[in-house]
Amino acid sequence: MTTFTYEKIQALESVTRLFFALNEAGVRYCHWKSNVRLDEALNGRTDLDLLVDPLDGPLFRQILRKHQVKPLLAAPGKHYPGIENHLGYDAASGKLFHLHVHYQLVLGEQYVKNYHLPIEKEVIASVCLPQGVLVPSPAMELVILCLRALLKYRDRDVVKDIFAIRSPGLPAHIRQEIEWLRQRTTPEQISETVTQLNIVSEEIVFAFLQAVQAETRDGWQMLWLRSQVRRALRPYQRHPRLWASILYFRELWRQRQSSPRRKMTLCAGGRTLALIGADGAGKSTMCRLITDWLSWKLDVQLYYLGSKQPSRRSELLYLLFRALRRGQRTVAGWLGQDSLPSRWLVQLRRIARYTHHLSIGRDRLRRYRESRVAAKTAVIIYDRYPLAALLDGPKIYPRDISHANGHANRVGRIFAAAEQGIYRQISPPRHYLLLNVSPAVSLQRKPDHDPTAVTAKAQFLNKFAAEMEGEDEKVNLLTINADLPFAEVEHQLKTAVWQVL
């Protein structure tokens, strides 16, 4: 193993333990690219790109499972041979980290990755061990970076460089990475590495390095170098050049048509999680926090099932109810509360309110059905999941109906039955996350709320949790102590969510 000097790097605790386990087990791997940003990768700010010997694949995956690192499916259009994705969680910091694992060096232009370079053994054989992570020699990484940069150099980049349009065709971060690696190796080591790999000539590599150092942008030179690299690597193409171009433009079109762009998904399929709690528990805040946290890599969608996002129909029905209520009060003031017009307006007002509640229920059901389609693959987070009348459930109370008489009573029961029918179509999620907040803390956070209602909600949720205890194996309930400070609640919630993914 060759020795090189790298800067001291701090890493997430879980990442440190994982690499220690890989090294102790003798897994043949290396962090094969972008080591200029290795500190960012080790701290969960960008991907960890690992090249693993296929013979060590079973042991590697066994260690990942032991450290609760979860396998993922690549996003649509980003499935390439010999490449896996894994997601880990660092409980100490609450951060996620992503392993982009290569068993083959498949690289090239975006969306296609048209070249498989059979040099995996040579790359792994060149490794050193700075700060507990195996990385290839700087010369090896630099030669591979030269090939990657030229294979990704597009026709539009040629035009940009020839006519000096906007930014250079070779991105600034690639130039900086090349210079960073050049400072850690020598021309002799680069030449030796090119000879060892035996896939391109020294002239191509050194001509490219010279072009990168030049102050002017030479699009013609870069175009010629790209053509030379493509010619040299033709035996390692996965598809003919024309078919590769077709695949590129087809995927480019597909990506532009899909909005938002899909991300990675869990191998075991989608998950449905509902955050529930009384007033002041922080449901909406935590829903957004968890969604933002997971959506760094995962396909996560937040669905609001409350009443504060009404459809146009629901808004109009509510305006009708308010107009009838105002009209009834006016008529009652003129003609008396027991007058026939006033009594008719009371009935119409009640029907308008019931119809508004039905419309809100249909709005929720529509959003729920949309979520069920996405839940086949994505992680679905529900905010304001309907549980009961007190907690975003049906609003046409039997108590209200019992106060009415005769015809009004029958109409109320019909509407109540219809509303119950709507909410029965909303099935429980796979996981409930109960943000358990005491009435005292709830009122401290929401001093304008009704103490009686707050206490009733807390009592209902306690009863709900007790009934859920071991009752239904298909539905899981996890309780979070929401009385604690925000940071502690966030930590509990992330840990609970990670358990159910």
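Leu 443 counts as partly exposed, with a relative accessibility of 25%. That's in a predicted model, and Leu 443 sits there in helix 17, which covers residues 439-445. Besides this leucine, the briefing looks at Ser 311 and at how helix 5 packs with helix 7 and with helix 9.

**Leu 443 and its surroundings**

- Skip everything up to four places away in sequence, and Leu 443 touches His 449, Pro 451 and Val 454.
- Leu 147 is a long way off: C-alpha to C-alpha, Leu 443 and Leu 147 are 63 Å apart in space, with their positions 296 residues apart in sequence.
- On exposure, the 25% of Leu 443 makes it partly exposed because buried would need a value under 20% and exposed one over 50%.

**Ser 311, in a loop**

- You'll find Ser 311 in the loop that runs between strand 10 (300-304) and helix 13 (312-335).
- Ser 311 has a relative accessible area of 16%, so it is buried.
- Once neighbours within four places in sequence are set aside, Ser 311 is in contact with Ser 359 and Asp 363.
- With Asp 363 there's also a polar contact between the side chains, at 2.9 Å.

**Helix 5 against helix 7**

- Helix 5 (residues 138-152) and helix 7 (residues 172-182) have axes that come within 9 Å and cross at roughly 155°.
- Angles over 145 degrees count as roughly antiparallel, so that's the label for helix 5 and helix 7.
- Their crossing is left-handed.
- On the helix 5 side, the residues that meet helix 7 are Pro 138, Glu 141, Leu 142, Leu 145 and Ala 149.
- Helix 7 brings Ile 174, Glu 177, Ile 178, Leu 181 and Arg 182 to that contact.
- Sorted by class, the contact of helix 5 with helix 7 has seven nonpolar and three charged residues, and no polar ones.

**Helix 5 against helix 9**

- Helix 5 also packs with helix 9 (residues 202-213), this time at an angle of about 75° and with the axes 10 Å apart.
- That angle makes helix 5 roughly perpendicular to helix 9.
- Helix 5 makes this contact through Leu 142, Cys 146, Ala 149 and Leu 150, while helix 9 uses Ile 204, Val 205, Phe 208 and Leu 209.
- By class, the contact of helix 5 with helix 9 comes out as eight nonpolar residues, with no polar and no charged ones.
- Leu 142 and Ala 149 of helix 5 turn up in the contact with helix 7 and again in the one with helix 9.

Definitions and conventions
Residues numbered from 1 in each chain as written. Predicted model: local features only at pLDDT ≥ 70, side-chain atom pairs only at ≥ 80, totals over all residues. Heavy atoms only, no water. Axes fitted to C-alpha atoms, helices over the stretch in contact; angles between N-to-C directions. Helix = DSSP H or I, 4+ residues; strand = E, 2+ residues; numbered from the N terminus. Parallel < 35°, antiparallel > 145°, perpendicular 65-115°, else oblique. Left-handed = near helix turned anticlockwise from the far one by under 90°. Contact = heavy atoms within 4.5 Å. Nonpolar A, V, L, I, M, F, W, Y, C, P; charged D, E, K, R; others polar. Buried < 20%, exposed > 50% of the residue type's maximum accessible area, 1.4 Å probe, protein only. Polar contact = N/O pair within 3.5 Å; in protein donor to acceptor, adjacent residues only side chain to side chain.
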